[in-house]
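Biologist: Could you take me through this one, a question at a time? I'd like the reasoning along with the answers.

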Amino acid sequence: MYLEELVDDIQLESDKFECKSILNRNDVIGWLKSIAGFANASGGDFYIGVEDKTNKLIGFDRKAADNERNYFNNQVNEHLTPRPQMNISFIRYDIKNSERFVIRVQIPESVVKPVILKYKNIPSIFMRRDGFTNGATYEEIIEMSVKSKNTQYDILDSDVRYEPAKISMLRAFYAEHNEGKELKEKALQSMGFYNEEGFLSNGAVLFLDDYSGKKTEVQCSVFSGFNKGSERIVTINRFNGNLTSAIRYMMDFVNQRMNHSMLKLNDVRKNIDAYPQRALFEGVVNAVAHRDYFLDGTQIQVDLFRNRLEISSPGGFYRGEKLGKTYDLTGIISKRRNELISGVLVACNVMEAAGTGFDKIAEEYSQADEAHRPYICSSSDHFTLVLPDLTYAEGVEDDRAPALIFVPVPGGTELDGKVLSFCYNQAHKVSEIAEYLGISDSTYLRKQVLGNLEANGYLEKSKVSRAMFYKTNRDMAALN
């Protein structure tokens with residue numbers, strides 16, 4: 001049986017068509033580049049479970065089809081940025097009294113270009129031409145960037161018409177945080193909530209009373225110990241709803257489960273929450289405001305551990321900055337990923353226009369000791385705010401520098417091993433590395449040690465705001 005017997009309108013000779021019998025786990029780039037190439041060109045159809053060249057149906061049983069779809073989604077989420085807008089469907093057919101499924105992926109031309117394929121920290125840009133997918137030329141990359149309609153998900157127009165009655169929860173949220181004032185239509189118009197034809201922006205759709213899609217999904221969990229891998233999960237709850245409801249849900253989840261304590265000062269007793277309310281609220285709002293809404297199949301994660309709270313949001317810091325781990329919250333310069341969503345939250349008086357949310361968190365913890373300092377971890381696909389539990393006496397200890405095995409560095413120094421170990425689990429600034437080594441922040445450290453390690457590929461360097469961070473390249477060093 002062949003694909004043309006299953007799909008009536010298929011154009012087998014089209015350059016917008018490709019088939020794979022199964023997704024090759026050993027050559028992920030081989031098929032991911034086709035998805036990126038379609039998105040960077042004029043779109044296309046990608047079939048899984050169909051033999052290439054002959055178009056003979058191979059298919060999957062129900063369970064295998066679901067597993068293949070999940071693997072496809074996971075790899076796309078991990079390696080393509082921004083995630084192309086795709087429609088994934090199952091096509092059922094019967095053969096020898098047994099049901100089989102083919103997976104059809106319809107990829108339209110991306111409105112945000114270029115779609116970048118990043119594998120093992122190496123970014124590539126592909127283009128579909130004449131039935132083949134190849135690397136994009138310099139001219140094509142420039143043209144894609146120029147023609148890209150918008151760079152933010154939330155300001156794109158949706159196909160949903162604006163109905164004032166359907167944002168009653170947003171109006172109530174606004175009034176709650178603005179001393180009972182009314183959210184005016186003029187304010188919505190000025191923010192770009194809907195266009196001249198009356199269609200909502202994508203971001204505005206997420207504020208509708210009846211929104212229940214996956215774009216706003218939240219997962220909240222409680223763990224019995226200190227990590228996810230080996231500890232029992234006490235609670236795991238999922239929530240889908242509009243953005244204001246998501247904020248309330250996360251706040252209620254933590255407030256209902258956080259620890260409380262009492263501190264005696266002379267004759268006065270002071271109540272202590274595990275997580276200061278303002279710091280908690282800023283962390284939740286920040287996760288909603290800066291989430292990458294292009295990434296489907298992801299969610300904001302709120303994880304309560306024995307000694308800390310972690311709030312993780314899909315998407316690294318906007319414009320590709322990689323932070324690793326830092327305690328310097330006040331040194332982070334905020335860049336808006338979602339102009340419309342941030343604008344609404346600013347209007348609701350729950351977010352500062354100047355982007356000083358991290359400063360407020362640092363201020364709430366200003367009296368805490370070293371073990372109770374909040375910090376942020378960031379990678380290319382997510383960022384996490386960690387708030388230590390102020391009622392847990394031991395706080396959150398730094399990960400110890402692990403023992404590593406690595407090939408000696410050409411022209412290396414006796415400090416190489418210590419630097420690579422210190423920077424293995426988190427990125428560090430030069431001043432932090434110098435302090436750890438017990439030496440001065442000198443030209444020797446910057447050039448002979450760090451510069452040499454970077455030049456030989458053992459360290460990766462990234463800049464965040466005005467600070468330079470170094471992280472060990474895990475392809476060059478392994479745990480002992």
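Modeller: Sure, fire away.

Biologist: At roughly what angle do the axes of H9 and helix H10 cross?

Modeller: A heads-up first: this is a predicted model, where local features need pLDDT of at least 70 and side-chain atom pairs count only at pLDDT 80 or more, while totals for chains, interfaces and linings use all residues. Residues are numbered from 1 along each chain as its sequence is written, and side-chain values use heavy atoms, with hydrogens and water left out. Axes are lines fitted to C-alpha atoms, for helices over the stretch in contact (heavy atoms within 4.5 Å), and angles run from 0 to 180 degrees between N-to-C directions. The axes of H9 and H10 (residues 339–347) come within 8 Å of each other, and they cross at roughly 145°.

Biologist: How many charged residues are there in the contact of H9 with H10?

Modeller: On the H9 side you have Val285, Val288 and Ala289, and they meet Ile341, Ser342 and Leu345 of H10. Ala, Val, Leu, Ile, Met, Phe, Trp, Tyr, Cys and Pro count as nonpolar, Asp, Glu, Lys and Arg as charged, and the others, Gly among them, as polar. That divides the residues of this contact into 5 nonpolar, 1 polar and, for charged, none.

Biologist: Arg278 and Glu364 meet in a salt bridge, so how many residues apart in sequence are the parts that this pair ties together?

Modeller: A salt bridge here is a side-chain nitrogen of Lys or Arg within 4 Å of a carboxyl oxygen of Asp or Glu, and this pair comes in at 3.2 Å, N to O. Arg278 sits in helix H9 (residues 277–290) and Glu364 in helix H11 (residues 357–364), so the parts they tie together are separated in sequence by 86 residues.

Biologist: In the salt bridge of Lys214 with Glu217, is Glu217 buried or exposed?

Modeller: Buried means under 20% relative accessible area, exposed over 50%, and partly exposed in between (1.4 Å probe, protein chains only). The two side chains meet at 3.8 Å, N to O. Lys214 has 57% and is exposed, whereas Glu217, at 10%, counts as buried.

Biologist: Which residues are linked with Arg92 in a network of salt bridges?

Modeller: One link is the salt bridge of Arg92 with Glu99, whose closest N and O atoms are 3.0 Å apart. Arg92 is partly exposed at 45%, and Glu99 is partly exposed at 23%. The network links Arg92 with Arg62, Asp94 and Glu99.

Biologist: Which are the edge strands of the open sheet with the order E3-E6-E7-E8?

Modeller: Helices (H or I, at least four residues) and strands (E, at least two) are DSSP runs, numbered from the N terminus, and two strands pair if DSSP finds at least two bridges between them. The sheet has 4 strands with antiparallel pairing, and 2 bridges join E3 to E6 (residues 116–119), with Thr81 standing opposite Ile116. Each edge strand pairs on one side only, and those strands are E3 (80–81) and E8 (132–135).

Biologist: How many of the 13 residues of H2 are buried?

Modeller: H2 (residues 28–40) lies across E3, E6, E7 (122–129) and E8, running at about 60° to E7. Its buried residues include Trp31, Leu32, Ile35 and Phe38. H2 is mostly covered, with the number of buried residues being 11.

Conventions: The expected span of a helix is 1.5 Å times one less than its number of residues.
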